[in-house]
Amino acid sequence: MDTKKGNENETAHCLILPYPIQGHINPMFQFAKRLSHKRLKITLALTRFILKTIKGLSGGSISIGSISDGFDEGGRAQAKTLEEYLARFQQVGRETLMELLQALADSGSPVDCVVYDPFIHGSWTWPKGRGYWRRRFSRSRARWIVFIIGCTAGS
């Protein structure tokens, strides 16, 4: 599979965005590792609270980026209700994700595609015209074959 974009040394860059609760991070992390074996550049975006609590996260060639859910000290447990957490995560998470995407672009490594947890898609509005693909994470192998071909065919 050809993972080159245009320049011989440039590969497609995918940002992986799991929903920040137990049971959602590991499947997307495993998928990120599989993509990295296809020589794609991968950035896994985790909340600041999750990054503080995970011990021994080793992604090899996977870069880790941080976003905020608005509850950097206690995560979901810091919110009084699930509704409060979701509203704050929608607002602050989206803002800090856009900051992370801009920082990656400014560093010379712009993101070509964002793979996000299905729990996120309904509550976030994605800015148009950013120049990257957005795809919901699915465990369907056929969907990922189409995604990888699309992502690596050049942005």
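Here are five short exercises on this predicted model, each with a worked solution.

**Exercise 1: A sulfur link**

Task: Find which cysteines form a disulfide, and work out which parts of the chain the pair ties together.

Solution:
- Step 1. Begin with the search of the whole structure, which finds one disulfide.
- Step 2. Name the partners: Cys14 and Cys113, whose sulfur atoms are 2.4 Å apart. The cut-off for a disulfide is sulfur atoms within 2.5 Å, so this pair qualifies.
- Step 3. Place the partners. Cys14 belongs to strand β1 and Cys113 to strand β4 (residues 113-116), so the pair ties together parts that are 99 residues apart in sequence.
- Step 4. Check the surroundings. Buried means under 20% relative accessible area. Cys14 has 0% relative accessibility, so Cys14 counts as buried. Cys113 also has a relative accessible area of 0%, so Cys113 is buried.
- Step 5. Recall the chemistry: a disulfide is a covalent bond between the sulfur atoms of two cysteines.

**Exercise 2: Rings that meet**

Task: Decide how the rings of Tyr19 and Phe89 are arranged, stacked or edge-to-face.

Solution:
- Step 1. Note that there are three aromatic pairs in the structure.
- Step 2. Look at the pair of Tyr19 and Phe89: their ring centres are 6.1 Å apart, with 75° between the planes. Planes over 60 degrees apart count as edge-to-face, so that is the arrangement here.
- Step 3. Locate both residues. Tyr19 sits in the loop between β1 (13-17) and α1 (25-37), while Phe89 is part of helix α3 (residues 82-106), so their pairing ties together parts 70 residues apart in sequence.
- Step 4. Add the setting: Tyr19 and Phe89 are both buried. They also belong to one aromatic cluster with Phe71 and Tyr85.

**Exercise 3: A histidine in a loop**

Task: Is His24 buried or exposed, and which side chain makes a polar contact with the side chain of His24?

Solution:
- Step 1. Find His24 in the loop between β1 and α1.
- Step 2. Compare its accessibility with the 20% limit: His24 has 16% relative accessibility, so His24 counts as buried.
- Step 3. Look for the polar partner. The side chain of Asp117 makes the contact, at 2.8 Å.
- Step 4. List the neighbours. Leaving aside residues up to four places away in sequence, His24 touches Pro18, Tyr19, Asp117 and Phe119.

**Exercise 4: Strands side by side**

Task: Work out how β2 is joined to β1 and to β3.

Solution:
- Step 1. Start with β1 and β2, which run parallel and are joined by four bridges. Cys14 has Ile42 as its bridge partner in β2.
- Step 2. Move on to strand β3 (residues 63-67): five bridges join β2 to β3, and these strands run parallel. Here Ala45 stands opposite Gly65 in β3.
- Step 3. Bring in the helix: β1, α1 and β2 make up a right-handed β-α-β unit.
- Step 4. Ask how covered β2 (residues 41-47) is. The strand is mostly covered, with six of its seven residues buried.

**Exercise 5: The end of a short helix**

Task: Describe where Thr53 lies and which backbone oxygen lies 3.0 Å from a polar atom of its side chain.

Solution:
- Step 1. Thr53 lies in helix α2 (residues 48-53).
- Step 2. Its relative accessibility is 41%, so Thr53 counts as partly exposed.
- Step 3. The oxygen in question belongs to the backbone of Ile50.
- Step 4. Finally, look across to Gly75, 22 residues apart from Thr53 along the chain: their C-alpha atoms are separated by 9.8 Å.

How values were computed:
Residues numbered from 1 in each chain as written. Predicted model: local features only at pLDDT ≥ 70, side-chain atom pairs only at ≥ 80, totals over all residues. Heavy atoms only, no water. Phe/Tyr/Trp six-rings, centres within 6.5 Å; stacked < 30°, edge-to-face > 60°. Helix = DSSP H or I, 4+ residues; strand = E, 2+ residues; numbered from the N terminus. Buried < 20%, exposed > 50% of the residue type's maximum accessible area, 1.4 Å probe, protein only. Polar contact = N/O pair within 3.5 Å; in protein donor to acceptor, adjacent residues only side chain to side chain. Contact = heavy atoms within 4.5 Å. Pairing = 2+ DSSP bridges. Right-handed = clockwise from strand over helix to strand, strands pointing away.
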